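Work through the exercises below with the sequence and the 3D view at hand. Try each task before reading its solution.

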Amino acid sequence: MATKKKILVFLGDSDKEMTSCGGFADAYEKGAKEAGHEVRRVNIGEMKFDPILHHGYRVIQTLEPDLLKLQDDFRWAEHIAFFYPNWWGTMPALLKGLFDRFYIPGFAFRFNKNGFGWHALLKGRTAHVFITMGSSPWMQRILFGDNSNEIRLAILGFAGIRTKISKIGNLKGITPEKRTKLEAKFFAWGKKAC
């Protein structure tokens, strides 16, 4: 029998109802719950926070309650499943603003006092990032390069989270049959907590 995990399902698309990301996150969450995993869910579109880091990290802005709760969810989770669309070769601005605000020194990382290097404070966790796109992933990579290094290395990896990336493409004009097949795949991923 597989080990049960604490899983955070995070939807980084502000429109839960009308996008593929929302349906895929729902299917993943359903599969994880059916397998007996403990699941928490966060939808960025339901959060209340200022996504602008007004003074950089010179002055740490007071974190809104939703950001404090998200930090707690990250500390709690053993595995995090992220879902977001590729917009202009990167994540949506609201999601980037979220990381700018809650992923702060003392929570996700701590710089060494001598100025060289840092301590990753979220080690021991894993993540699977699902990036949806209208075109094919290989075409995106040929034309624009690998857009997943931003989240895999510079954000999650920086804090010590081992991260896998899956790009789900050609969703523009997806047929209902293909969507159903993809949702079954996400359901299976959720059951396996991978």
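Three exercises follow, on the fold, the nonpolar cores and two backbone angles.

The model is predicted: local features need pLDDT of at least 70, side-chain atom pairs count only at pLDDT 80 or more, and totals for chains, interfaces and linings use all residues. Residues are numbered from 1 along each chain as its sequence is written, and side-chain values use heavy atoms, with hydrogens and water left out.

**Exercise 1. Describe the chain as a whole.**

Step 1. List the elements. Helices (H or I, at least four residues) and strands (E, at least two) are DSSP runs, numbered from the N terminus. The chain has six helices and eight strands. Read from the N terminus, their order is β-α-β-β-α-β-α-β-β-β-α-α-β-α.

Step 2. Check the size. The radius of gyration is taken over C-alpha atoms, and the globule rule is 2.2 Å times the number of residues to the power 0.38. For 194 residues a compact globule would have a value near 16 Å, and the 17 Å of the chain agrees with this.

Step 3. Look at burial. Buried means under 20% relative accessible area, exposed over 50%, and partly exposed in between (1.4 Å probe, protein chains only). Of the 194 residues, 46% are buried.

**Exercise 2. Find the largest nonpolar core and the elements that build it.**

Step 1. Apply the definition. A nonpolar core is a set of buried Ala, Val, Leu, Ile, Met, Phe, Trp, Tyr and Cys residues joined through side-chain atoms within 4.5 Å.

Step 2. Locate the core. The largest one holds 36 residues, and F74, L98, F99, Y103 and L156 have the most contacts inside it. At least two of its residues come from each of β1 (6–11), α2 (65–76), β4 (79–85), α3 (93–102), β7 (126–132) and α5 (149–156).

Step 3. Follow one residue. Contact means heavy atoms within 4.5 Å. Leaving out residues up to four places away in sequence, F99 touches Y57, F82, M91, I151, I155 and L156.

Step 4. Look for another core. Apart from the largest core lies one of 20 residues, including V9, F130, L182 and W189.

**Exercise 3. Compare the surroundings of W88 and A193: which is buried and which is exposed?**

Step 1. Note the rule. Most residues other than glycine have a negative phi.

Step 2. Take W88. Its phi is positive, about 55 degrees, although W88 is not a glycine. W88 sits in the loop between β4 and α3. With a relative accessible area of 89%, W88 is exposed.

Step 3. Take A193. Phi of A193 is also positive, near 55 degrees. A193 belongs to the segment after α6 (176–192). Its relative accessible area is 3%, so A193 is buried.
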